[in-house]
Amino acid sequence: MSRTSVQRHICQAIIAILIVSKTAVFGACPHFESLGLTSTASGQRLQGHGQRRVLSEGQGPIRPKPTIYLSQSNFDNGTYRITQPGRYILSQDISFAPNSVNKLSYSRSKVMECCKPRPDQFESNGGDYPDFPYSLGFFAAITVETEDVLIDLAGYTIEQSKEHALMQRFFTVIELASTPFIPGQGPFNFGPEIASGANVRIQNGIIGRSSHHGIHGNGNHNVKIKNVRFQDFEVAALALNGVEGLLVHECTARSRLDVPVMGRFSSGLFAHRFVKALEQEGVATVLTVKGVPKTATDIKTELEDAIVNVYEDIVLNEKMFIDEEMHPKEYALYHNKMGVVDGNAYGFLTNSLGVAVNGFPWVQDDNGNSHNHRSGKFGYENGFPWATDDVHGNQHSRHVTFHSVTIENLQASITEVVSLMRSDNGKPVTDSIGSVLQVHNVHPDNANIPVTVSSLNDAEAVYIGNVVANAQLFVAKCINRNQVPDSIHLPTAGNQINDDIIAWAEASGTENPDQFLANLLSKIAPNPEDSGYYCNGDTMFHVNKGVIGFKIDNTDNAELNKCRVNEIVNHGAPGSTICGEYQRSHPSATLTGYGGANVRGFTFAGSRNVKVRNSSVSSLSSMNGAAVANVRGFTFAGSRNVKVRNSSVSSLSSMNGAAVGFERLTDSEDIKLESCTVDSLHADTGVCKVRFSDIQKDSEFVNEYCHLEVPRMVTMC
């Protein structure tokens with residue numbers, strides 16, 4: 001027997017003893033990785049779980065646990081909350097459609113109450129669901145709120161129903177926590193604590209339709225996902241923030257291609273909750289639109305009619321898209337002509353603890369602290385609904401492994417939402433939930449026809465309104481007049497629609513020069529150097545970053561082996577010119593220029609100690625990118641010690657931008673490429689196999705390790 005074999009057998013014996021004794025030691029065995037085990041460092045959970053054991057290859061929960069079989073009836077009334085350790089096994093396909101409208105007894109009045117918790121289901125009324133996390137609806141089919149959980153899909157599919165996917169636009173099939181946000185983050189108060197799952201294994205089946213994620217979580221420990229096919233998600237197959245120990249093995253992902261509505265539909269659903277509550281409170285405020293005063297009842301009725309019209313087209317009449325002939329106003333406002341998500345889209349994402357809605361994380365010092373070139377400081381606690389990634393300490397994801405994972409057919413049509421900007425506080429003009437008050441949105445079939453104002457020329461544009469913008473303005477007017485009582489438990493601090501904006505909207509149809517948008521801009525952004533707008537954001541003012549296969553942000557000690565990204569398409573239009581020739585317009589952006597038309601296979605931002613082996617990127621395309629919108633195989637931003645070996649990039653195409661095989665941005669260090677290949681790059685403005693920020697420093701290194709021709713550096717490369 002060879003010395004290597006002896007060492008291997010000794011290691012197997014040691015590990016068996018360690019598992020029995022419920023401890024874990026890493027680094028002592030040179031064959032640890034070859035045995036299929038993943039090392040992790042113990043972390044601190046946000047609530048009550050402290051250190052965690054490793055969930056290793058082939059190892060389920062360590063102690064015997066009860067087995068629970070899940071059928072459709074377990075989901076008919078709402079989210080199935082896993083609060084006890086155990087083995088949870090699907091016994092049939094699951095379509096998540098709680099409190100659905102019965103087609104046999106359909107009435108329009110029932111639509112607005114469907115799909116969300118009934119009043120008697122909240123804990124305050126003796127029900128099973130905590131009030132704060134579920135106030136905006138059933139956000140998941142399953143939540144994992146404890147440790148030692150095996151979810152066996154048993155070859156079945158679990159997905160959001162078509163009805164629920166329309167009416168609940170923020171959703172995860174399996175949420176690995178008691179709430180989708182850590183305390184202090186999100187568009188709403190989701191409560192003061194979070195219970196995150198640990199030692200969780202999900203395996204053997206299909207995670208289907210979701211209006212956001214397949215699997216999502218914050219602060220998880222020891223998560224293993226094996227033999228799962230993710231399909232028909234809109235935002236990401238998997239998104240874990242601050243995860244400690246993750247193994248994704250033999251999984252595939254493809255995105256949804258029949259999304260019927262734009263993000264504005266979600267804004268309308270959010271606004272409806274406010275308007276309904278204010279109507280019930282009997283507020284006397286009116287909003288004047290084109291000379292016509294509208295009460296709370298008027299605003300609510302018009303918004304409900306629009307939502308129900310869309311519901312009848314998509315759900316009741318089973319149309320793929322909104323019927324333009326029957327409902328032209330709804331079509332103009334909500335229609336999604338490409339049928340794919342209109343915001344950022346990812347295959348697999350890891351990130352530091354908390355939301356991943358801002359720019360790419362950037363430079364780290366030796367203590368792991370990020371130093372973004374531009375770091376937005378917007379947080380729920382200081383009046384803006386989306387907290388930044390570093391508000392809660394920037395707890396990185398660690399010990400992450402992707403093995404034999406394929407992304408195939410990931411698509412989006414990222415739509416830039418230009419926001420008004422208030423120069424008095426530097427914030428975008430959003431409602432209290434964080435949705436942008438959109439004044440430059442246009443008809444889906446004709447970009448020259450505005451939907452909210454009368455003209456795209458600010459000097460001529462006056463407010464004409466629509467059901468969503470009317471609701472946002474009405475709620476803001478009530479907030480500004482202190483007419484929203486605390487008893488309705490709805491957030492108000494994030495509202496950025498001030499009295500100047502309301503006065504502009506109400507002046508429409510008069511002789512008052514304040515009715516013109518240009519005059520409003522001179523009030524809210526009087527500095528001549530300010531355009532009065534923010535660009536490069538989406539409906540919720542998230543930074544537009546593009547379509548990305550593997551987005552590995554703020555992640556330490558990651559390994560990707562035999563991972564494949566194939567056929568990623570971004571149909572998004574070029575960025576707006578309304579903000580001028582900017583380096584960074586969005587205050588939370590970290591990269592320069594408009595990012596919404598970009599496509600990337602792999603990105604590593606703010607990450608350290610990463611290995612990529614035997615992986616590939618192919619068939620990436622940006623259909624309408626501007627000159628700064630590139631297609632990139634691999635991007636390294638603010639990362640350290642990243643090694644890519646035996647990996648390839650091929651068939652990248654950009655209609656109006658550049659195609660780049662490997663790109664290292666400023667402040668990345670120790671990026672090594674070995675035995676890599678790049679071919680078939682096609683772009684109108686230039687191609688580049690390897691782009692480094694300092695070509696003189698790295699040209700010798702690239703020739704030695706990557707065996708790629710270092711191209712002549714041009715403007716685009």
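The structure holds 25 salt bridges, a salt bridge being a side-chain nitrogen of Lys or Arg within 4 Å of a carboxyl oxygen of Asp or Glu. This is a predicted model, in which local features need pLDDT of at least 70 and side-chain atom pairs count only at pLDDT 80 or more, while totals for chains, interfaces and linings use all residues. Residues are numbered from 1 along each chain as its sequence is written, and side-chain values use heavy atoms, with hydrogens and water left out.

A good place to start is the pair Lys319 and Asp323, whose side chains meet in a salt bridge at 3.6 Å, N to O. Lys319 is partly exposed, with a relative accessible area of 31%, whereas Asp323 is buried at 18%; here buried means under 20% relative accessible area, exposed over 50%, and partly exposed in between (1.4 Å probe, protein chains only).

Turning to the strands, Arg640 and Glu669 are joined through their side chains by a salt bridge of 3.9 Å, N to O. Because Arg640 belongs to strand 32 (residues 640-645) and Glu669 to strand 35 (residues 669-674), this pair ties together parts that are 29 residues apart in sequence. Strands (E, at least two residues) are DSSP runs, numbered from the N terminus. Glu669 itself is partly exposed, at a relative accessible area of 43%.

Another salt bridge links Asp670 with Lys672, with 3.9 Å between the closest N and O atoms. Asp670 is partly exposed at 38% relative accessibility, and Lys672 is likewise partly exposed, at 30%.

Salt bridges also form a network, which links Arg169, Glu234, Arg256 and Asp258.

Conventions. Helices (H or I, at least four residues) and strands (E, at least two) are DSSP runs, numbered from the N terminus.
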